[in-house]
Amino acid sequence: MYMPRSEKVWITIGGVVLAAFFATVAIDAFVMGATPPSDPKMIDPAKVSTTPPFDKPGLVQVGPKEYDANMTAFTFGFGPNVLNVPVGAKVNFHVTSKDVVHGFEIPGTDVNMMIDPGFVNSASHTFDKPGKYLILCNEYCGAGHQLMMATIIVGG
Ligand code: CUA
């Protein structure tokens, strides 16, 4: 069958591009480990209660004045619902949802996240002033949305 030379060139280029595409997908999936279940930022929302660190939500001291706050959001609350930290503590919030989309806002700070089921979202804040801070849900999540809150007590 007669085929103009330019057409053969384009078929070859198309084949090379396609092969490169599949190679990239294969490398991402199998070499880089980019398949969804192995991504540490993803989590099965149905298994939050049994997946560390969210099986034991709360504070973990990670430095002289630094803490990880591993927290769960659910209808209609946060786990845990009270955090006690010393003045000057830097807190790294790692939050996931057990059910629907929630918000995670600490008024008076720049912490304001959307918490999607299946993902772990993170933000940090250093609490330099003593006092009581609220964590509020700012995404409508159902009948108890306005009751969904937690407290951070920054003490001496
Ligand atoms: Cu949770 Cu609104």
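Which side chains meet in a salt bridge at 3.8 Å, N to O? Asp44 and Lys47 do, and they get a close-up of their own further down. This is a predicted model, where local features need pLDDT of at least 70, side-chain atom pairs count only at pLDDT 80 or more, and totals for chains, interfaces and linings use all residues. Residues are numbered from 1 along each chain as its sequence is written, and side-chain values use heavy atoms, with hydrogens and water left out.

**View 1. The largest nonpolar core has 26 residues.** A nonpolar core is a set of buried Ala, Val, Leu, Ile, Met, Phe, Trp, Tyr and Cys residues joined through side-chain atoms within 4.5 Å. Here, Met71, Phe78, Phe93, Phe104, Ile106 and Ile152 touch the most other members. Strands supplying at least two core residues each include β2 (66-74), β5 (89-97) and β8 (121-127); strands are DSSP runs of E with at least two residues, numbered from the N terminus. Take Ile106: leaving out residues up to four places away in sequence, Ile106 touches Phe93, Val111, Phe127, Tyr133, Leu134, Ile135 and Ile152, a contact being heavy atoms within 4.5 Å.

**View 2. Ring pairs link Phe78, Phe93, Phe104, Phe127 and Tyr133 into a cluster.** Rings of Phe, Tyr and Trp (its six-membered ring) pair if their centres lie within 6.5 Å; planes under 30 degrees apart count as stacked, over 60 as edge-to-face and the rest as tilted. By that rule there are four aromatic pairs. Phe78 and Phe104 sit edge-to-face, 5.6 Å from centre to centre with 90° between the planes. Phe78 is in strand β3 (residues 77-79) and Phe104 in strand β6, so this pair ties together parts 26 residues apart in sequence. Both rings belong to buried residues, with a relative accessible area of 3% for Phe78 and 0% for Phe104; buried means under 20%, exposed over 50%, and partly exposed in between (1.4 Å probe, protein chains only). Phe93 and Phe127 are also edge-to-face, because their ring centres are 6.3 Å apart and their planes at 80°. That pair links strand β5 with strand β8, 34 residues apart.

**View 3. Thr109 sits in the loop between β6 (102-105) and β7 (112-115).** Is Thr109 buried or exposed? Thr109 is buried, at 17% relative accessible area. Its side chain reaches the backbone oxygen of Ile106 at 2.7 Å and the backbone nitrogen of Val111 at 3.0 Å. Beyond its neighbours within four places in sequence, Thr109 is in contact with His125, Phe127 and Tyr133.

**View 4. Thr151 lies in strand β10 (residues 149-155).** Thr151 counts as buried, with 15% relative accessibility. Not counting residues up to four places away in sequence, Thr151 touches Asn81, Val82, Leu83, Lys132, Tyr133 and Leu134.

**View 5. The structure holds three salt bridges.** A salt bridge is a side-chain nitrogen of Lys or Arg within 4 Å of a carboxyl oxygen of Asp or Glu. Back to Asp44, the partner of Lys47: Asp44 is partly exposed at 37% relative accessibility. Asp55 bridges to Lys56, with the closest N and O atoms 4.0 Å apart; Asp55 is partly exposed at 32%, whereas Lys56 is exposed at 66%. Lys90 and Glu66 meet at 4.0 Å, N to O. Lys90 is in strand β5 and Glu66 in strand β2, so this bridge ties together parts 24 residues apart in sequence.

Technical notes: Helices (H or I, at least four residues) and strands (E, at least two) are DSSP runs, numbered from the N terminus. A polar contact is a pair of N or O atoms within 3.5 Å; within protein, one must be able to donate a hydrogen and the other to accept it, and residues adjacent in sequence count only if both atoms are side-chain atoms.
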